[in-house]
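Reader: I am a first-year student learning to read protein models. May I ask for a close look at one part of this structure, namely the empty space enclosed inside it and the elements around that space?

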Amino acid sequence: MSNLPNSWFHCGRCGSLFLSVAGDLDNRTCPECGRNPSLGLEAAPPPPRSQPQAPSTAPPERKKRATRKRKRSYFIYKLVLACTAVLILIAVGASKLFHREKPERKIEDTSVLLENETRAANIAFQNEVSPLCNLVFSQFLAAGTPEKRNQFVLAPITTASKMARFYSLNPLTNIDPSTLSLADSAVINLPNGRALETLWNTGEGRQLDAVFAQEDGEWRIDWDHFVRYSDFPWALFLAGSGEPVGEFRLLARERLAEERKGAETVSIVLYAPRFGSLIETGYQSPEFLIPRASENGRLLDAAFKLEREGKRPFGVQLPNANPEKLIQVRVKVRRIEDELERRFELEQVIACHWYSVDEPGVEIPNP
């Protein structure tokens, strides 16, 4: 009997475990299957090698679909880029537009600033010259004769002859300066410099307006404007007296303004103003028909439009004291008489105000 120890063995053929004597491996047999358990042991197969990937055998249709997917992805990518570029351009344009509006805001702010400065300058001008003009007006009214009044008027040398002729046909109106009260005043920017227009109420219920301008360092009254000077009394001129041509300061009213606005002529009637009243009118003229396309017609159209807007010539910041829809005019009129009739022609509209300047005071539209 062998002295070798027993050991457990695994049969490589049937998989049984059995106890056997260690050693003599070649003659050992499995008690279950009766065969040599070592003969059933086989070398383990080597691990599989990584096989190279076989070329694609996908059908052509699948390849085309893959190609279309790639093209579609490129198209979407390009579309996103294009949309992004458009948004950037819009943002840049909006930014430029925003920055372009800023100068307009600055211009607007500048105009408001200039307007405020002009208003402040006008107020300072009024405060400075009003006492001087009030004194001149009081001295002018207190003077008892045209010769004494002549020293307080503009252009006294040339005005002296007008005053003599005017007062020979019109009574010298006496007004007590102590009864006057200043109702309103405003600065006028005339072509020859700044002037001051004033409105006054008298103790007798009259209304007066007077304009003052500086001449040779002194403040003087615009006498032609104050008395509404005309070469001849309007009523007498209409009746056939005086020279056939004269210059007159009158009030004008447009006849049938709405009904005739498309007509080729402007129809107006002229009235004599009443001294001491801003709402009453004197003698009325016959109708004048002025070609609308002529210089006279365009000037009258512009003046009536200004009146409808509630404005005044030269931008005077005083309410229109004339009767409604009437404008002030300085005109040259001709009287024509023959054996059959007496008629009148409006030769020239010199200005649409009564100031002693020849500028029309309104912007005349182009023909």
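**The largest cavity and its surroundings**

Author: The largest cavity of this predicted model has a volume of about 240 Å³. It is one of three cavities of 30 Å³ or more that a search of the whole structure finds. Rolling a probe the size of a water molecule over the atoms shows where empty space is left.

Which residues lie nearest the centre of the largest cavity? They are Arg312, Pro313, Asn320, Asn322 and Gln328, out of 23 residues in the lining. Strand 4 (193–201), helix 6 (295–308) and strand 11 (326–337) are the elements that give two or more residues to this lining.

Phe314 belongs to the loop between helix 6 and strand 11. Its phi is near 65 degrees, a positive value in a residue other than glycine. Most residues other than glycine have a negative phi. A second case is Ala155, in the loop between helix 2 (146–149) and helix 3 (156–169). Ala155 is not a glycine, yet it has a positive phi of about 45 degrees. Ala155 counts as partly exposed because its relative accessibility is 30%, which falls between the limits of 20% and 50%.

Strand 4 leads from the cavity to a sheet. This sheet is open and has four strands in the order 3-4-5-6, with antiparallel pairing. Strand 3 (181–190) and strand 6 (218–221) stand at its edges; each has a single partner strand, so one side of each is left without a neighbour in the sheet. On average, neighbouring strands of this sheet are turned by 25 degrees against each other, direction ignored. In general, strands of a sheet pair through backbone hydrogen bonds, either parallel or antiparallel. Here, strand 5 (residues 207–215) and strand 6 run antiparallel and are joined by four bridges. Within this pairing, Gln214 has Trp219 of strand 6 as its bridge partner.

Between strand 4 and strand 5 there is a loop that holds Thr202. Is Thr202 buried or exposed? Thr202 is buried, because its relative accessible area is 9% and the cut-off for a buried residue is under 20%. Beyond its neighbours within four places in sequence, Thr202 is in contact with Ile175, Thr179, Leu180 and Leu208.

The enclosed space may be set beside an open one. The largest pocket holds about 670 Å³ of space. Its lining has 30 residues, of which Phe166, Asn170, Val227, Pro273 and Phe275 lie nearest its centre. Several elements give two or more residues to that lining: helix 3, helix 4 (223–227), helix 5 (234–239), strand 7 (245–254), strand 8 (265–273) and strand 9 (281–284). Helix 3 supplies the largest share, four residues.

Finally, these parts can be placed in the whole protein. The protein has six helices and 12 strands, and 34% of its 367 residues count as buried. Among contacts with a separation of 6 or more, 52% are between residues 24 or more positions apart. The protein exposes about 23500 Å², and carbon and sulfur atoms supply 54% of this area.

Conventions:
Residues numbered from 1 in each chain as written. Predicted model: local features only at pLDDT ≥ 70, side-chain atom pairs only at ≥ 80, totals over all residues. Heavy atoms only, no water. Buried < 20%, exposed > 50% of the residue type's maximum accessible area, 1.4 Å probe, protein only. Contact = heavy atoms within 4.5 Å. Areas by Shrake-Rupley, 256 points an atom, 1.4 Å probe, with all protein chains shown as cover. Pairing = 2+ DSSP bridges. Axes fitted to C-alpha atoms, helices over the stretch in contact; angles between N-to-C directions. 1 Å grid on protein atoms, 1.4 Å probe; cavity = no way out; pocket = protein on both sides within 12 Å on 5 of 7 lines; lining within 4 Å. Points joined across faces, edges and corners; volume = space filled by probe spheres on them.
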